[in-house]
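The following paragraphs lead the reader through one protein chain, from a single residue outward to the architecture around it. Please keep the sequence and the coordinates in view while reading.

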Amino acid sequence: PSGLSRGTVLGRPGANVTLTCQDKGPVNVTVSWQVEERGAAAAVGGRSRRLAEGNALLLRRLRYEDSGRYSCYVGGRLLRSLRLMVEEPPETPRVSCYRRSHDKDVLCEWPLRAKPSPGTRAMLWV
């Protein structure tokens, strides 16, 4: 999607996503993946958690908590780092504004059909 920086992957909750380390390269090397722990998990212990090995990392049934920085290494050398954002795509806003009388402020409403993803921000420019 447009607006995402290079190296950022967007996934929906409940979906599967595959992160690829190298587009091409030697096939006889061992690729390992790590994810940077965020929030409470990072405060308790380590900064990163080791994941599976292989050029492609399949993440099943994404949850919001899966968001983070995923890095792949060969022999301890960083090859690629990807930021995974697990979010629902924002709905198109339907904003309505009205004034009850000429001496009252204008009121604007934006009814939501579904709860937005954590971290969603919105701004109304009038």
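Tyr70 touches residues from several parts of the chain: not counting residues up to four places away in sequence, its contacts are Leu19, Trp33, Gln34, Val35, Leu51, Leu57, Leu59, Arg80, Ser81, Leu82 and Leu84. This is a predicted model, and every value given here is computed from it. Tyr70 also belongs to the largest nonpolar core, a set of 15 residues, where it is listed with Leu19, Trp33, Leu59 and Leu84 among the residues with the most contacts inside the core. At least two residues of this core come from each of β2, β3, β5 (56–59), β6 (68–74) and β7 (77–86). In soluble globular proteins, nonpolar side chains tend to be buried together.

The wider setting is a chain with 1 helix and 9 strands. Read from the N terminus, the order of elements is β-β-β-α-β-β-β-β-β-β. The protein chain has 126 residues, of which 19% count as buried. It exposes about 9800 Å², and carbon and sulfur atoms supply 50% of that area. Among contacts between residues at least 6 apart in sequence, 49% join residues at least 24 apart.

Five of the strands form an open sheet in the order β1-β7-β6-β3-β4, with mixed pairing. The edges are occupied by β1 (8–11) and β4 (48–53); each has a single partner strand, so one side of each is left without a neighbour in the sheet. On average, neighbouring strands of this sheet are turned by 30° against each other, direction ignored. Strands of a sheet pair through backbone hydrogen bonds, either parallel or antiparallel.

Individual pairings can be followed across the sheet. β6 and β7 run antiparallel and are joined by 7 bridges; Gly68 has Leu84 of β7 as its bridge partner. β3 and β6 are likewise antiparallel, joined by 5 bridges, and here Val35 is partnered by Tyr70 of β6. Tyr70 is thus a bridge partner of Val35 as well as a member of the core. Between β3 and β4 there are 4 bridges, again in the antiparallel sense, with Ser48 of β4 as the partner of Glu36.

Covalent links add to this picture, for the whole structure contains 2 disulfides. One is formed by Cys21 and Cys72, whose sulfur atoms lie 1.9 Å apart. This pair links distant parts of the chain, 51 residues apart: Cys21 is in the loop between β2 and β3, and Cys72 is in strand β6. The link is right-handed, with 80° about the S-S bond, and both cysteines are buried.

The loop between β2 (17–20) and β3 (31–36) also holds Gln22. Is Gln22 buried or exposed? Its relative accessible area is 19%, and because the limit for a buried residue is under 20%, Gln22 counts as buried. Not counting residues up to four places away in sequence, Gln22 touches Val29, Val31, Asn55 and Leu79.

The other disulfide joins Cys97 to Cys108, with an S to S distance of 2.0 Å. Cys97 lies in strand β8 (residues 96–98) and Cys108 in strand β9 (residues 107–109), so this bond ties together parts that are 11 residues apart in sequence. Its geometry is right-handed, with 110° about the S-S bond. Cys97 counts as partly exposed at 44% relative accessibility, and Cys108 is partly exposed at 31%. When the bonded cysteines are numbered in sequence order, the pairing is 1-2, 3-4.

Note on methods:
Residues numbered from 1 in each chain as written. Predicted model: local features only at pLDDT ≥ 70, side-chain atom pairs only at ≥ 80, totals over all residues. Heavy atoms only, no water. Buried < 20%, exposed > 50% of the residue type's maximum accessible area, 1.4 Å probe, protein only. Contact = heavy atoms within 4.5 Å. Areas by Shrake-Rupley, 256 points an atom, 1.4 Å probe, with all protein chains shown as cover. Core = buried A, V, L, I, M, F, W, Y, C linked by side-chain atoms within 4.5 Å. Pairing = 2+ DSSP bridges. Axes fitted to C-alpha atoms, helices over the stretch in contact; angles between N-to-C directions. Disulfide = S-S within 2.5 Å.
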